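I opened this notebook to keep a record of what I looked up in one structure. The entries go by topic, in whole sentences.

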Amino acid sequence: MAWALKLPLADEVIESGLVQDFDASLSGIGQELGAGAYSMSDVLALPIFKQEESNLPPESDNKILPFQYVLCAATSPAVKLHDETLTYLNQGQSYEIRMLDNRKMGELPEINGKMVKSIIRVVFHDRRLQYTEHQQLEGWRWNRPGDRILDLDIPMSVGVVDPRANPTQLNTVEFLWDPSKRTSVFIQVHCISTEFTMRKHGGEKGVPFRIQIDTFKENEAGEYTEHLHSASCQIKVFKPKGADRKQKTDREKMEKRAPQEKEKYQPSYETTILTECSPWPEITYVNNSPSPGFNSTHNSFPVNEGNGSPTHQPEPVAQLADNLLPTATPQEAQQWLHRNRFSPFCRLFTNFSGADLLKLTREDVIQICGPADGIRLFNALKGRVVRPRLTIYVCQESQQAREQHQKHENGDGSSNTFFVYHAIYLEELTAVELTEKLAQLFSISPRQISQIFKQGPTGIHVLVSDEMIQNFQDEMCFVLDTMKAETNDGYHIILK
């Protein structure tokens, strides 16, 4: 329905005042009034009404979210209305994220008085980079050895319990917190947006990242696997002080724009509210595998921290003999990848049989999996075993004496006696390790071996120490003699 304002000529002054008031209140309607007529649909389509409408939850989604996360960094003023906010961060600077309990009375009573677990990730915003995220992160790790993409500033954080940063997941941190208590976590992002641009000639635009937080509650087994809430925001990371300069540049550009153009852009807010989103896809792997990758779970941390499931921990002994056979089916190949901690690549090799994987060259595997995991996968496919640091051969003297005595009884005085030696492989090169290996050889407890001596010049007995073992030549041969200890029921072993 259209309607018009028609005023007498004598009231031109009043008309002018009304137009100005209308213009100020309805952001631009005054210009439409000058034309004489306008429709109500045009008024409702104005940005001021759209902005108010966008802040209201849809009728089908008017629920209050259980948690709210607020990043204490200003949003950019150069973002158009209805677009997602963009926040600039400085590399390595600590930024606060406030973890707020937003539950209504009686909502989620099962977490009252209990901890929840939140996982914070820095991930790519662009879908193209998301598909190659693992390769991108491995390339970054290769160029920045020892560095992390995301860190927690623990001294500045408040209410954070049991913070963890998995060495294999550079872009992920996790911690426990009590929703009923004040909680603020300070994060540091160490990568910059231009490190992941395709061409680096200077002056290129950096790629946007996302900060995503996924929160879980405990299940009946005491594991934090039940998803409660996820939210994220868009960021760009600059070199130190670069974010401040970029924010200032955007503000100055907006000040130079015409008023009609300014209306098309969002104002800059002092803080950034993370908006609800879908859970991070990799959380479907939670507690299914101890492998490094994007799934940040307790299982991916050492067992001595008390959160991993022993049934899912890899067995080092089994890995040595767990070679992939060419006859393995695609299902068996998937199981082999899981057992050998290559779970993040299972989807890439879904239809690969054992023969298909074994045909891959070293360059193929590195291109698919990145340098670090690619080399590890290639060595595992080829069944390469790490060579021990030291190998020695030992033979029991009693066995030698029996065989020599038998030779003499048979009238055979030749020296071509066949002796059986056993190989002992040492990695730590310590006396304790040698004691354990000799105890295994004799099928006795290591406690029964009191001392180990090496026969020196003129038959003297020299106590074997760590330093002596470290100076053994590789593949030395020893004849073992045993002697009863005087003080206990143990034995002394002499290396001759």
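What follows is my set of entries on the sheet, the salt bridges and a charged surface patch.

**Entry 1: the model**

Before anything else I noted that this is a predicted model, and I read every entry below with that in mind.

**Entry 2: the open sheet**

I looked up how the strands are ordered, and found an open sheet of five strands that runs β7-β10-β5-β3-β13 with antiparallel pairing. Which strands stand at the edges of this sheet? They are β7 (150–152) and β13 (272–273), and because each has a single partner strand, one side of each is left without a neighbour in the sheet.

**Entry 3: β3 and its two partners**

I then followed β3, which covers residues 67–71, to both of its neighbours. On one side it pairs with β5 (residues 95–101) in the antiparallel sense over five bridges, and within that pairing I noted Asp 101 of β5 as the bridge partner of Phe 67. With β13, β3 also runs antiparallel, and here two bridges join the strands. I looked up the residues involved: Leu 71 stands opposite Thr 272 in β13, while Val 70 has Ile 273 of β13 as its bridge partner. How many of the five residues of β3 are buried? I recorded four, so that I describe the strand as mostly covered, buried here meaning under 20% relative accessible area.

**Entry 4: the edge strand β7**

At the other end of the strand order I picked Leu 152, which is found in β7. Is Leu 152 buried or exposed? Its relative accessible area is 15%, and therefore it counts as buried. I also checked its distance to Arg 164, which lies 12 residues away along the chain, and the C-alpha atoms of the two are separated by 8.7 Å.

**Entry 5: salt bridges**

Side chains of opposite charge can pair when their charged atoms come close. I counted such contacts next, and the structure holds 17 salt bridges, of which I wrote down a few in detail.

- Asp 147 and Arg 144 meet through their side chains at 3.0 Å, N to O, and Asp 147 is partly exposed, since its relative accessible area is 33%.
- Asp 151 is bridged to Arg 148, with the closest N and O atoms 3.3 Å apart. Asp 151 counts as partly exposed at 23% relative accessibility, whereas Arg 148 is buried, with a relative accessible area of 13%.
- Glu 261 forms a salt bridge with Lys 264, and the closest N and O atoms are 3.3 Å apart. I found Glu 261 partly exposed at 29% relative accessibility, and Lys 264 partly exposed at 43%.

I also noted a network, in which salt bridges that share partners join Glu 110, Lys 217 and Glu 226.

**Entry 6: a positive patch**

Which residues gather in a patch of positive charge on the surface? I listed Lys 80, Lys 205, Lys 253 and Arg 257. Of these I followed Lys 80 further, and placed it in the loop between β3 (67–71) and β4 (86–90). Lys 80 has 46% relative accessibility, so it counts as partly exposed. That value also fits its place in the patch, because patch members need over 30% relative accessible area.

Terms used
Residues numbered from 1 in each chain as written. Predicted model: local features only at pLDDT ≥ 70, side-chain atom pairs only at ≥ 80, totals over all residues. Heavy atoms only, no water. Patch = residues over 30% accessible without salt bridge, like charges linked within 9 Å, V, L, I, M, F, W, Y side chains within 5 Å. Areas by Shrake-Rupley, 256 points an atom, 1.4 Å probe, with all protein chains shown as cover. Salt bridge = Lys/Arg side-chain N within 4 Å of Asp/Glu carboxyl O. Lys, Arg positive; Asp, Glu negative; His and termini not counted. Charge placed at Lys NZ, Arg CZ, Asp CG, Glu CD. Buried < 20%, exposed > 50% of the residue type's maximum accessible area, 1.4 Å probe, protein only. Pairing = 2+ DSSP bridges.
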